[in-house]
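User: I've got a model open on my screen and I'd like to talk through a few spots in it. Can we go one question at a time?

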Amino acid sequence: MLAILAAAAAASSPAAAPAPAPHAAQTVEGVEITTRRPVTGTLEQGVQGYRPEFFTPARPSTAMDMIQWLPGFTFEDMRDLRGLGDSGGNVLIDGKPPTSKNDTLATVLRRIPSVQVERVDIIVGSAPGIDMRGRPVIANVILKKTMALRGSVQAQTQVMQDGRVAPELQATFSRNAEGRATEASVTVNQRIFGGPGFGDGVWVRRDGTGAVLFRADDKSHAGGPSAVATGSYELPFAGGRLKVNGSGRWYKAIFDDVAVLRGSGDRYTLALHDLYRQAELGARFERTFGLRTTLEAQALQRLNAHDQTNAIRRPPVISDFDEADDLSESVLRTTLRFKKDETLTLETSAEGSLNVLATDSASLVGGVAAPIPNADVKITEHRGEAGGLLTWKPAPAYGVTAGLKLETSTLAAERDVNLTRTLTHWKPRLVLSWSPAKNTQVRLRAEREIGQINFYSFVAISEFNSGTVRSGNPNLRPQRSWVGEAVLERQFWDGASIVLTARRKALYDVVDARIVGTSGAVGVGNIGDGAQTDLVGTLTFPLKRLGLNGAMLKGTLTKSRSRVTDPTTGIQRQLSNWSATIGELHFVYDLPRRKLNLGFDAFYNGPFTLYRPAGTEDNGVNARLSVFVEYRYRPNLTFRLEGMNVTGARITQTVTYYAGPRNVSPLLYADEKTLGLGPSVLLRARRTF
């Protein structure tokens with residue numbers, strides 16, 4: 001594919017123009033070309049700035065596009081965790097994390113037009129005034145300081161092979177005048193979900209001997225409408241700056257599976273409908289005292305409501321499941337940062353939160369009410385965290401980051417179960433960095449990670465693929481691990497980088513599906529200890545030296561090994577729902593004289609298995625290839641045509657059902673589905689101002 005794109009581009013491009021004089025700039029059909037140095041700083045210095053000129057081959061439309069092409073940097077989105085300290089991703093905006101939790105970090109970055117970005121900094125260790133949140137490496141998007149109204153309007157639609165369409169309309173704007181900043185955005189769309197278990201294909205059911213019970217033509221489609229509105233306002237306040245933000249979100253997730261049996265024409269159906277309503281209000285205040293001390297305080301209130309109905313008509317499973325739940329989160333966090341000098345920074349933080357989940361579930365099996373353990377539960381959590389972080393750079397080539405947090409959580413369950421538990425954990429962290437050369441760095445990390453108990457593990461839920469109703473488990477303990485990591489990063493040429501990472505985790509109280517209590521109900525529980533080893537390689541490679549000026553290649557490959565003892569069989573196996581191989585490869589080629597930008601994105605997710613006491617779910621290889629071309633009609637108006645999943649890749653999923661625990665019970669039947677959405681076309685128009 002790379003050779004084909006390169007040959008086509010070379011054939012269509014005229015001879016290169018003479019290089020401009022030093023520090024000169026010229027315009028080619030509305031595209032500005034400049035010799036300003038695209039990258040400043042080194043790994044040894046700890047801060048590297050990537051100006052927009054570096055990203056010229058990728059022609060990014062948004063800040064997220066720029067992040068994805070940073071050399072050696074792997075984007076990590078926000079995690080939906082309770083509290084603020086550990087939920088943020090690894091990208092900051094003007095040195096601060098996003099003030100919203102309802103928005104993902106990727107969503108926020110996609111709303112920022114690239115023309116508003118002054119540069120993107122990669123920070124290793126620490127930087128003055130930057131809250132690293134304990135991470136060894138972080139990206140900081142620096143926005144241009146302007147009083148002009150800025151924004152974008154984007155309209156797109158995805159057209160599926162079966163004729164379904166997924167339109168989206170998004171509008172954003174921002175303004176910074178006289179020290180007051182306003183931001184707002186609105187997005188409305190119709191989504192289509194893909195991945196294992198979705199698409200059109202064939203369903204084959206076999207009995208315990210392997211004989212075919214039936215074949216069916218299956219259509220498994222999912223998606224739904226959504227609407228999101230966000231806004232924020234920042235102003236001078238009490239000697240510092242105050243930013244207030246709010247957001248509202250409404251969306252439906254509709255999953256329908258219809259299988260028509262060949263020969264008989266019987267229909268097996270599954271219908272799952274989710275409805276979400278979310279609202280959020282937050283504020284962040286920051287003030288400096290003197291030249292060395294900074295105080296930051298943040299408050300957040302979230303309210304979420306969720307309703308679900310699940311109707312399964314796939315003999316022998318005839319069931320209905322209804323659930324309604326309400327979730328609220330109230331958080332207050334303060335951080336005090338003291339910078340002694342350029343080599344030493346001390347930070348202390350404290351956070352408190354109140355989280356409440358109230359849920360009510362009901363189930364029918366064959367039209368008869370079926371009892372569910374812990375179906376009607378209210379859970380209240382009082383959560384607190386306090387910690388300190390020291391960042392020290394004793395010499396230009398060395399860096400030390402040491403931190404310690406104390407986390408405590410008191411959980412109280414009411415109604416179907418009455419239980420109060422208090423969990424307390426220490427979380428130490430140490431990161432050492434050494435730069436033997438200005439473009440080479442070695443980073444070592446040792447840390448104790450504490451997982452967070454998912455509230456929905458305490459209550460009953462339905463798994464839509466299998467129809468299995470999973471019981472709640474109020475006695476669940478959080479998964480813990482000791483992590484050791486070594487990273488080698490080497491930068492070379494102009495913008496090329498290779499990063500090699502080796503990571504080992506010792507796991508304790510692994511969380512997975514198992515039989516809970518004495519009733520025989522299946523739920524989420526602790527299954528013992530385990531281990532995980534990851535090897536990760538990332539290569540960023542501008543192809544100018546190979547004769548493809550304006551072309552870039554970036555790839556990441558992750559190889560993993562894991563082990564844990566299966567609670568049903570007593571035999572060691574890999575972690576549930578865990579792929580041993582994950583990779584992605586991206587290529588982009590800019591043709592400024594043609595006003596074109598073209599390339600491809602390839603993704604590979606290896607097979608993985610979801611283990612249950614009475615069955616397994618095996619998912620095959622998921623490989624996708626997309627190709628695109630983008631046309632810049634004007635510098636502020638672009639059109640994009642993208643062919644998604646152009647190879648029409650399908651995914652095979654096999655689900656087994658046993659009469660009881662799968663180590664001692666006979667196999668009742670196995671369902672094998674090979675499904676895929678087929679190729680689709682994405683059309684997008686984007687106007688910035």
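User: Let's start with Leu430: is it buried, partly exposed or exposed?

Analyst: Keep in mind that this is a predicted model. Leu430 sits in strand β21, residues 419-437. Its relative accessible area is 37%, and the in-between class runs from 20% to 50%. So Leu430 is partly exposed.

User: Which residues does Leu430 touch, leaving out those up to four places away in sequence?

Analyst: Glu447 is 17 residues away from Leu430 in sequence, with the two C-alphas 6.4 Å apart. Once residues up to four places away are set aside, the contacts of Leu430 are Val400, Thr401, Ala402, Leu444, Arg445 and Ala446.

User: Glu447 came up there. Which side chain does Glu447 meet in a salt bridge?

Analyst: Glu447 lies in strand β22, residues 440-450, and its partner lies in strand β21, so the pair ties together parts 18 residues apart in sequence. Both residues of the pair are buried. The N to O distance is 2.9 Å, and the partner is Arg429.

User: How many salt bridges does the structure hold?

Analyst: As background, side chains of opposite charge can pair when their charged atoms come close. Some of the bridges here share partners, and one network made that way includes Arg82, Arg333, Glu351 and Lys427. Over the structure, the number of salt bridges is 43.

User: What distance separates the closest N and O atoms of Arg262 and Asp217?

Analyst: Arg262 is in the loop between β13 (240-261) and β14 (267-289), while Asp217 is in strand β12 (residues 212-237), so their pairing ties together parts 45 residues apart in sequence. Arg262 is partly exposed at 47% relative accessibility, and Asp217 is partly exposed at 38%. They form a salt bridge, and the closest N and O atoms are apart by 2.9 Å.

User: And which residue forms a salt bridge with Arg241?

Analyst: Arg241 is partly exposed, at 31% relative accessible area. Its partner is partly exposed as well, at 23%. The closest N and O atoms are 3.0 Å apart, and the partner is Glu234.

User: Over to Lys96: which side chain does it join in a polar contact?

Analyst: Lys96 is in the loop between β5 and α3. With 11% relative accessibility, Lys96 counts as buried, since the cut-off for buried is under 20%. The polar contact is 2.7 Å and runs to the side chain of Glu286.

User: Asp94 has an odd backbone angle. What is its phi?

Analyst: Asp94 belongs to the loop between β5 (91-93) and α3 (105-110). Asp94 is partly exposed, with a relative accessible area of 34%. It isn't a glycine, yet its phi is positive, at about 55 degrees.

User: Asp509 also has a positive phi. Is Asp509 buried or exposed?

Analyst: Asp509 is found in the loop between β26 (496-508) and β27 (511-516). Its phi is near 55 degrees, and it is a residue other than glycine. Its relative accessibility is 12%, so Asp509 counts as buried.

User: Is the peptide bond from Pro315 to Pro316 cis or trans?

Analyst: Pro316 is in the loop between β15 (293-314) and β16 (317-341). Omega for the bond from Pro315 to Pro316 is near 10 degrees, and the bond is cis.

User: Which strands are at the edges of the open sheet with the order β3-β4-β6-β7-β5?

Analyst: Five strands make up this sheet, with mixed pairing. β5 runs parallel to β7, and three bridges join them; within that pairing, Leu92 has Asn140 in β7 as its bridge partner. An edge strand here pairs on one side only, and the edge strands are β3 (39-40) and β5.

User: Last one: what is the area of the nonpolar surface patch that includes Leu149?

Analyst: Leu149 is in the loop between β7 (137-143) and β8 (150-160), and it is partly exposed at 43% relative accessible area. The patch is made by Leu149, Val153, Leu169, Phe173, Val186, Val188 and Phe689, and its area is about 560 Å².

Conventions:
Residues are numbered from 1 along each chain as its sequence is written. This is a predicted model: local features need pLDDT of at least 70, side-chain atom pairs count only at pLDDT 80 or more; totals for chains, interfaces and linings use all residues. Side-chain values use heavy atoms; hydrogens and water are left out. Helices (H or I, at least four residues) and strands (E, at least two) are DSSP runs, numbered from the N terminus. Buried means under 20% relative accessible area, exposed over 50%, partly exposed in between (1.4 Å probe, protein chains only). A polar contact is a pair of N or O atoms within 3.5 Å; within protein, one must be able to donate a hydrogen and the other to accept it, and residues adjacent in sequence count only if both atoms are side-chain atoms. Contact means heavy atoms within 4.5 Å. Patches are made of residues with over 30% relative accessible area and no salt bridge: like charges are joined within 9 Å, nonpolar side chains (Val, Leu, Ile, Met, Phe, Trp, Tyr) within 5 Å. Accessible areas come from the Shrake-Rupley method with a 1.4 Å probe; for residues, only the protein chains shown count as cover. A salt bridge is a side-chain nitrogen of Lys or Arg within 4 Å of a carboxyl oxygen of Asp or Glu. Two strands pair if DSSP finds at least two bridges between them.
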